[in-house]
Amino acid sequence: AVAYNNTEEGFIMKRIVWLCFFVFISATSVFAQKNRNAFIQVKNSSNSTIYNVIVIHKYSDISKEKKTWIGELKPGQSTPADFKVRYQTGFGRTGADWWIVTWTEARDENSVTQYTTDPQNFRGIIDQLEKGAKKGIPIATTVIGVASVGLGPVAGLAVAGGSIVANEIADKTLGNGGTAGFKKHTLKEEDKKLTTVINITKKRNVSFKSKSGKSTTETKSKVINFEKQ
């Protein structure tokens, strides 16, 4: 400890010490790591109707979240901004925001096209889904029938079959601690409580637009066959 006498010099030194302590505490409070929330919305800017859009978000190992918008999203339409994701900002932040976006497009009554921003993990997951199925992934006709109400058989398969594929992708990637194949788009302090728009373009690229900045990634696609039972 430092001993000060009652002289003017000692008084000034005490004031300096207290001022430094106050500045340190204030800076720690302002810049300390804090939990934040933001909202996610998907816009379909392609020229095709898409089905079962799913967004997966990881913030390090702290937050793992997914949202599926079941059904169709026509060209020009957007999902509700109802996917709330968690992230952190401030001094001591140790993670980053990682994303996967996947959706289904109708092909015919027996197959769909699956698009995803996860090219590395996507191949292995889809191959595993189709393994052992010579004609394709088994799916009940009753399930397709329910999904076809108001949409038709082709779109019904896109909804029902896309749900199988999308959920499998979500289960595999959320259970995986790594981020191979994920797209990095970092949310910042100024993004809190605001909406980040994920845009699917005509070329099937995917862009992220937040107040703090933009990111863009390409996608991969694969035709998925189904066997009706």
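## Confidence

pLDDT is the predictor's confidence in each residue, on a scale from 0 to 100. This structure is a predicted model. The chain has a mean pLDDT of 84. A value of 70 or more is reached by 83% of its residues.

Confidence is lowest in helix 1, residues 8–31, where the mean is 54. Over residues 23–31, pLDDT stays under 50. For that stretch the model has four contacts beyond four places in sequence. Where pLDDT is low, the predicted coordinates should not be read in detail. At the other end of the scale is strand 9, residues 195–200, with the highest mean in the chain, 98.

## Overall architecture

The chain has 229 residues, of which 40% are buried. Its secondary structure consists of four helices and 12 strands. Consider the contacts with a separation of 6 or more: 73% of them join residues 24 or more positions apart. The accessible surface is about 12,400 Å². Carbon and sulfur atoms supply 54% of that surface.

## The nonpolar cores

The largest nonpolar core holds 26 residues. Within this core, Ile 56, Ile 126, Val 165, Ile 169, Ile 224 and Phe 226 touch the most other members. Six elements give two or more residues each: strand 2 (50–59), helix 2 (119–130), strand 7 (137–139), helix 3, helix 4 (153–174) and strand 12 (220–228). Helix 4 gives the most, with 10 residues. A second core of 21 residues is separate from this one. Its members include Phe 83, Val 101, Tyr 115 and Leu 187.

Ile 56 shows how one core residue is surrounded. Beyond its neighbours within four places in sequence, its contacts include Ile 169, Ala 170, Thr 173 and Leu 174. Ile 56 also contacts Trp 98, Trp 99 and Ile 100. Glu 65, Lys 66 and Phe 182 complete the list.

## Helix 2

The geometry of helix 2 agrees with expectation. At 1.5 Å a residue, its 12 residues should span 16 Å, and its end C-alpha atoms are 17 Å apart.

The buried residues of helix 2 are Asn 121, Phe 122, Ile 125, Ile 126, Leu 129 and Glu 130. Seen down the helix axis, these residues fall within an arc of 155 degrees, so they line one face. An α-helix has 3.6 residues a turn, so residues three or four places apart point the same way. The buried residues of helix 2 pack against strand 6 (111–116), strand 7, helix 4 and strand 12.

## Helix 3

Helix 3 covers residues 141–148. Its buried residues are Ile 144, Ala 147 and Ser 148. They span an arc of only 100 degrees around the axis, which puts them on the same side of helix 3. The buried residues of helix 3 pack against strand 7, helix 4 and strand 12. The face turned away from the buried side carries the exposed residues Thr 142 and Val 146.

Ser 148 has a relative accessible area of 15%. That is under the 20% cut-off, so Ser 148 counts as buried. Outside its neighbours within four places in sequence, Ser 148 contacts Pro 153 and Gly 156. Gly 150 follows helix 3, with a positive phi near 85 degrees.

## Thr 116 in strand 6

Thr 116 is found in strand 6. Its relative accessibility is 0%, so Thr 116 counts as buried. Leaving aside neighbours within four places in sequence, Thr 116 is in contact with Ile 100, Val 101 and Thr 102. Phe 122, Thr 219 and Lys 220 are also contacts of Thr 116. The C-alpha atom of Thr 116 is separated by 9.9 Å from that of Val 53, a residue 63 residues away along the chain.

## Two loop residues with positive phi

Lys 193 is not a glycine, yet its phi is positive, at about 65 degrees. Lys 193 lies in the loop between strand 8 (183–184) and strand 9. Its relative accessible area is 68%. The cut-off for exposed is over 50%, so Lys 193 is exposed.

Arg 204 also has a positive phi without being a glycine, with a value near 65 degrees. Arg 204 sits in the loop between strand 9 and strand 10 (206–210). Arg 204 is buried, with a relative accessible area of 11%.

Note on methods. Residues numbered from 1 in each chain as written. Predicted model: local features only at pLDDT ≥ 70, side-chain atom pairs only at ≥ 80, totals over all residues. Heavy atoms only, no water. Buried < 20%, exposed > 50% of the residue type's maximum accessible area, 1.4 Å probe, protein only. Contact = heavy atoms within 4.5 Å. Areas by Shrake-Rupley, 256 points an atom, 1.4 Å probe, with all protein chains shown as cover. Core = buried A, V, L, I, M, F, W, Y, C linked by side-chain atoms within 4.5 Å. Arc of directions from axis to C-beta. Expected span 1.5 Å × (residues − 1).
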